[in-house]
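Here are a few notes to go with your first look at this one. Have the helices on screen as you read.

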Amino acid sequence: MISKETRGIVLYNREFRESDKLVKLFTETDGKRMFFVKQAAQSKLAAVIQPLTVADFLVKLNLNGLSYIDDFREVAPYKAINADLFKLSYATYIMALADAAIPDNQVDTALFAFLEKTLALMDEGLDYEVLTLIFEIQLLERFGVQLNFHECVCCHRIGLPFDFSFRYSGLLCPAHYDQDRSRAHLNPNVPYLIDRFQSLSFDELRSISLKDDTKAQLRQFVDSLYEDYVGLRLKSKAFIDDLAKWGDIMK
Ligand SMILES: [Zn+2]
């Protein structure tokens, strides 16, 4: 057992035996780990093990089994996210995506920082749909998917009104559209924005603002990228898709 202090995000918790809980934390120092909390309801940890909580945890890490949380400080629940069903659904989805993207016990401080920052900006009121799209694009690499949205796969020219080809797994410029009859027929704005999203830094996240129809086109294309290249089926994503359908009916 190793005792240490680490910042951590609660990904989820679940019942374990009669009144205990298992809590999955994404820790900054040691990746994702499962923690055992005895008598969870009566425990002083009760409030801090709710999903979408970030805190500094004092933990005992066990390399071969369950780990334990001894104490915590600097708790910051994401208040605005928890008060809004839409924000909450998107935040839950990006946490599930981060959980799926890397194996447990693998240290990934960059992903931890990116998740914490994205959740903080969602909580602050930035566009959660756009933040989610950026998160999805930047996470593709973690799933082993490396796509170039910067240049034509045939002639390597840049800065043109590109389309995407699933057959070539890359962009086609107008001179090479005819290489793939079943190219995606995207609005050229879509690959342009995805190219920007791939290399966006934290500071730039604030400056992104998109129209609704652009967001809808990006959503459709990013969904097809995940379907074709990642093949992930997350319950939290299905929930977002259902929410969107209900939203349409209400309009
Ligand atoms: Zn070309």
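1. Start with helix α3, and bear in mind that this is a predicted model. Its buried residues are Leu-111, Phe-112, Leu-115, Thr-118, Leu-119, Met-122 and Asp-123. Look down the axis of α3 and these buried residues fall within an arc of 135 degrees, so they line one face of the helix. Thr-109, Ala-110 and Glu-124 sit on the other side of α3 and are exposed.

2. What do the buried residues of α3 pack against? Their partners are β1 (2-16), β2 (20-27), α1 (79-82), α2 and α4.

3. As for its length, α3 (residues 109-124) has 16 residues and spans 22 Å from first C-alpha to last, close to the 22 Å expected at 1.5 Å a residue. Right after α3 comes Gly-125, with a positive phi near 110 degrees.

4. Now turn to α2 (residues 85-101) and α4 (residues 128-139): they pack at about 5 degrees, with axes 10 Å apart. That angle makes α2 roughly parallel to α4. On the α2 side the contact includes Phe-86, Tyr-90 and Leu-97, and on the α4 side it includes Tyr-128, Phe-135 and Leu-139. Sorted by class, the contact of α2 with α4 has nine nonpolar, one polar and two charged residues.

5. Helix α4 also packs against α5 (residues 189-198), here at an angle of about 70 degrees and with the axes 9 Å apart. So α4 is roughly perpendicular to α5. Leu-133, Ile-134, Ile-137 and Gln-138 of α4 meet Ile-194, Phe-197 and Gln-198 of α5. This contact of α4 with α5 has five nonpolar, two polar and no charged residues.

Notes
Residues numbered from 1 in each chain as written. Predicted model: local features only at pLDDT ≥ 70, side-chain atom pairs only at ≥ 80, totals over all residues. Axes fitted to C-alpha atoms, helices over the stretch in contact; angles between N-to-C directions. Helix = DSSP H or I, 4+ residues; strand = E, 2+ residues; numbered from the N terminus. Parallel < 35°, antiparallel > 145°, perpendicular 65-115°, else oblique. Contact = placed C-beta atoms within 7 Å. Nonpolar A, V, L, I, M, F, W, Y, C, P; charged D, E, K, R; others polar. Expected span 1.5 Å × (residues − 1). Buried ≥ 20, exposed ≤ 12 C-beta atoms within 10 Å, placed from the backbone. Arc of directions from axis to C-beta.
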